[in-house]
Amino acid sequence: MSDERPKAASLSHYAVLVALALVCLGPILLMAMTSLKVQADIFASPSFWFFAPTLQNYRAVLVEDSFGRFLGNSLIVASVSTVLTLVAGAMAAYAIVRFRFRGRAVVSWATLLLRSVPLAVLAVPVFGIWEQFGLLNSLWGLILLYTAVNLPFTIWVLYGFIAQIPHELEEAALIDGCGPLRVFFAVVLPLLRPGLAAAAIFTFRIAWNEFILALVLTNRATRTLPVAASLYITDVGIEWGKLMALGVLIALPPLVVTLVAARQIIAGLTAGAVKG
Amino acid sequence: MAAITLEAITKSFGALKVVDDMSLDISEGEFVVFVGPSGCGKSTTLRMLAGLEQPTTGRICIGGRDVTSLPPGRRDIAMVFQSYALYPHMTVKENMSFALRLQNLPKGDIERRVAEAARILHIEPLLDRKPKALSGGQRQRVAMGRAIVRAPSVFLFDEPLSNLDAQLRNHMRVEIALLQKRLRGTMVYVTHDQVEAMTLADRIVVFHKGRIQQVGSPELIFEHPANLFVAKFIGSPTMNILPCHYDGQFYLGGQALDLPVPDRLRPALEAARGRDLLLGIRPQALRVVRADEHGPGLRVTVDLCEYLGTETVVSGRLGAAPQVQVTAVLPARAGLGG
């Protein structure tokens with residue numbers, strides 16, 4: 001008798017989980033299915049589940065509409081800005097944690113405050129400044145901006161990781177003959193791997209998905225995928241099949257980055273360094 | 001191997017003076033142990049030797065070379081940390097060879113030196129493991145191995161055994177002593193453990209409040225402490241310090257005590273006639289006699305007897321002055337009932 005309640009509880013438990021999963025996965029499933037349909041099948045109710053799958057939309061997106069170029073732009077912008085953010089962020093966080101300098105507290109609070117500025121607010125002033133510097137409509141303009149907006153978060157993630165690294169490790173490296181830069185690259189950076197991975201997942205995704213700034217700061221040659229996707233919303237209607245195919249293509253790279261990066265997030269990487 | 005000279009070293013952190021005008025010469029191949037209570041400046045002095053702290057004033061020479069402003073890596077020293085400080089992302093072998101690789105030594109040379117150190121420390125089977133797969137004692141050995149492979153002029157040890165359990169600590173202490181005999185390196189060793197200090201040191205340096213209280217061989221420090229602090233700090237249990245005055249014989253709280261006075265102390269004692277003095281007696285120097293037995297003796301009320309197997313520690317209060325604590329270490333089977 002006593003089994004009844006837990007059974008019921010676990011049933012309702014699973015029901016809630018399934019419902020949540022449907023809410024999350026439903027739109028993705030809809031997107032994937034729609035991307036495999038011809039325009040005529042998309043709004044025809046009998047063929048919602050049963051239709052002849054086609055890759056026509058993907059060919060249209062990648063070959064005919066030359067979205068390969070925008071995919072390249074997105075990949076360059078997201079990966080270069082992620083790498084720059086991680087390198088600069090790790091160094092900045094290291095300096096804030098380890099060095100005592102005038103204005104240290106101000107710097108660390110200011111970084112956090114910057115994070116609270118909505119991205120859209122930056123669009124107009126950055127447009128003006130980038131135009132002055134000749135960065136408008138260039139991939140570098142976007143890369144620099146994404147690096148800047150992602151730095152605060154990265155610094156704060158890595159701050160915690162660096163603070164956990166025992167100071168003796170760096171002292172041991174100094175005694176072993178490392179200079180300050182070598183201490184950072186040979187000892188500190190390898191130990192930050194889990195933190196770097198966590199930060200990489202976020203920075204890559206933000207740079208990859210960002211729409212407003214990319215829309216304002218790029219042109220037809222340098223636009224990124226989210227901006228390109230909006231091209232399928234036209235005066236004469238929405239090209240659902242192509243839009244969904246592009247949606248699937250946009251969703252894949254961050255998924256790969258997340259899976260690869262998540263494997264680096266190993267708890268207790270510094271275990272064994274010092275007696276706890 | 002190299003001699004070390006500290007010249008008028010002072011170290012302040014803000015207004016706090018941690019090391020105060022310290023000068024010390026350490027000979028080549030000597031094993032010197034810094035002892036003192038927490039916060040006495042012994043670790044800070046070691047860190048200044050290592051180059052991890054910069055002295056506020058003064059000069060440090062290693063092997064005749066002024067290293068005061070040199071970075072740690074260029075002082076030709078190796079240090080074993082209390083926490084071991086092994087690089088967690090490197091294997092034991094990589095940990096030990098790290099400094100050698102930084103020096104761009106030939107690969108064969110590095111292999112040979114790592115293998116030799118691993119053999120000395122019995123850690124050959126561990127070379128491919130990461131630190132997290134090692135026990136505390138093994139990590140300790142690797143940390144020592146990392147120091148040995150470099151064949152430095154000076155070895156620095158910062159309380160290297162304090163994280164080990166008592167049994168392992170004794171074992172590693174013996175190993176360090178053997179290692180020093182074998183390497184004949186100049187070693188500076190910081191500890192708050194008297195047993196380590198007494199057994200390992202050629203010379204002990206006793207620190208208190210940022211100043212050197214006494215420098216000397218373990219025998220000298222134990223037998224002839226330079227001041228009250230050293231007398232109380234060295235020796236376990238702590239030396240009995242009994243307030244008294246001298247007037248041809250000693251008087252403790254009104255009780256006369258006729259002790260033989262060594263000739264060398266007699267002039268000083270005569271000069272201090274009638275003044276308040278402190279009489280120091282090691283607990284091991286006391287023994288129990290019957291109350292009616294003749295000879296010099298103190299009447300003591302016993303509070304506690306602690307049986308330790310090989311000996312019994314007896315704590316009590318002086319009969320004539322109950323506020324004065326007295327401790328005696330007696331053979332385990334010494335009868336107290338008399």
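Let me begin with chain B, where buried residues make up 37% of the 338 residues, and I should say at once that we are looking at a predicted model. Chain B has nine helices and 17 strands, and along the principal axes its C-alpha atoms fill a box of roughly 80 × 45 × 35 Å. If we take the contacts in chain B between residues at least 6 apart in sequence, 62% of them join residues at least 24 apart.

I will turn to the strands of chain B, starting with β1(B), residues 4-13, which pairs in the antiparallel sense with β4(B), residues 57-62, over five bridges; here Ile4(B) stands opposite Ile62(B). On β2(B), residues 16-26, β1(B) again pairs in the antiparallel sense, over seven bridges, and Ser12(B) stands opposite Lys17(B). These two strands, β1(B) and β2(B), form a hairpin with two residues between them, and in the turn Gly14(B) has a positive phi of about 65°.

Next comes β6(B), residues 77-80, where Ile77(B) and Met79(B) point one way while Ala78(B) and Val80(B) point the other way, and all are buried. As a general matter, the side chains of a regular strand alternate between the two faces of the sheet. Four bridges join β6(B) to β7(B), residues 154-158, and the two strands run parallel, with Phe155(B) as the bridge partner of Ala78(B).

Which residues touch the most other members of the largest nonpolar core? That core has 130 residues, and the ones in question are Ala93(A), Leu158(A), Ile162(A), Val33(B), Met79(B), Leu156(B) and Val188(B). The largest share of this core, 13 residues, comes from helix α7 of chain A, residues 139-164. Apart from it lies another core, of 12 residues, including Tyr246(B), Phe250(B), Leu318(B) and Ala328(B). To stay with Val33(B) for a moment, and leaving aside its neighbours within four places in sequence, this residue is in contact with Tyr189(B), Thr191(B), Glu196(B), Ala197(B), Leu200(B), Ala201(B) and Ile204(B).

Now to the contacts between the chains, where 26 residues of chain B are in contact with 20 residues of chain A. On the side of chain B that touches chain A, β6 and α2, the latter spanning 92-102, each supply at least two residues. By class, that side of chain B has 18 nonpolar, six polar and two charged residues.

In chain A, I would like to look at helix α6(A), residues 119-133, whose length can be checked by a simple piece of arithmetic: at 1.5 Å a residue its 15 residues should span 21 Å, and the end C-alpha atoms are 20 Å apart, which agrees. There is nevertheless a kink of about 35° in α6(A), centred on Pro125(A), and just after the helix Gly134(A) takes a positive phi of about 70°.

Let me finish with Pro37(B), which lies in the loop between β3, residues 31-35, and α1, residues 42-50, of chain B. Is Pro37(B) buried or exposed? Pro37(B) counts as exposed because it has 12 C-beta neighbours inside 10 Å, and a residue is exposed with 12 or fewer. As for its place relative to a residue further along the chain, the C-alpha atoms of Pro37(B) and Arg317(B), which are 280 residues apart in chain B, are separated by 26 Å.

Methods:
Residues are numbered from 1 along each chain as its sequence is written. Chains are lettered from A and ligands numbered from 1 in the order in which they are written. A residue is buried if 20 or more other C-beta atoms lie within 10 Å of its own, exposed if 12 or fewer, and partly exposed in between; C-beta atoms are placed from the backbone. Two strands pair if DSSP finds at least two bridges between them. The expected span of a helix is 1.5 Å times one less than its number of residues. The bend at a residue is the angle between axes fitted to the seven residues ending there and the seven starting there. A nonpolar core is a set of buried Ala, Val, Leu, Ile, Met, Phe, Trp, Tyr and Cys residues joined through C-beta atoms within 7 Å. Two residues are in contact if their C-beta atoms, placed from the backbone, lie within 7 Å. Ala, Val, Leu, Ile, Met, Phe, Trp, Tyr, Cys and Pro count as nonpolar, Asp, Glu, Lys and Arg as charged, and the others, Gly among them, as polar.
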